[in-house]
Amino acid sequence: MPIIVNLDVMMAKRKIGLMELAVRVNLTPANLSILKNGKAKAVRFSTLEEICRALSCQPGDILEFTEE
């Protein structure tokens, strides 16, 4: 897939774990893990907004487009 999810990179930069972020954005750790590992087929804008708010970042810091 040409969309790369860099959520793990941003989490490391902000020194926040999966469980803490899941609580902050009101997602189950399992669903957040699916997104973090690039296995998600879609992400809601509201979820992306909450993640960006929790990590103090922009959507482009988390999602990246690359040519295959």
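## A walk around helix α1

Start by selecting α1 together with its surroundings: the cover over its buried residues includes β1 (3-5), α2 (18-25), α3 (29-36), α4 (45-55) and α5 (59-62). Helices (H or I, at least four residues) and strands (E, at least two) are DSSP runs, numbered from the N terminus, and contact means heavy atoms within 4.5 Å. You are looking at a predicted model, in which local features need pLDDT of at least 70 and side-chain atom pairs count only at pLDDT 80 or more, while totals for chains, interfaces and linings use all residues. Residues are numbered from 1 along each chain as its sequence is written, and side-chain values use heavy atoms, with hydrogens and water left out.

Next, pick L7, M10 and M11, the buried residues of α1 (residues 7-14). Look down the helix axis: these buried residues fall within an arc of 100 degrees, so they line one face of α1. That arc is taken from the directions from the helix axis to the C-beta atoms. Buried means under 20% relative accessible area, exposed over 50%, partly exposed in between (1.4 Å probe, protein chains only).

Now turn to the other side of α1, where A12 and K13 are exposed. Step on to K15, just after α1, and check its backbone: phi is positive, about 55 degrees.

Finally, select C52 and C57. How many disulfides does the structure hold? Zero, where a disulfide is a pair of cysteine sulfur atoms within 2.5 Å. The closest cysteine sulfur to that of C52 is in C57, 4.2 Å away, which is too far for a bond. C52 is buried, at 9% relative accessible area, and C57 is buried with a relative accessibility of 9%.
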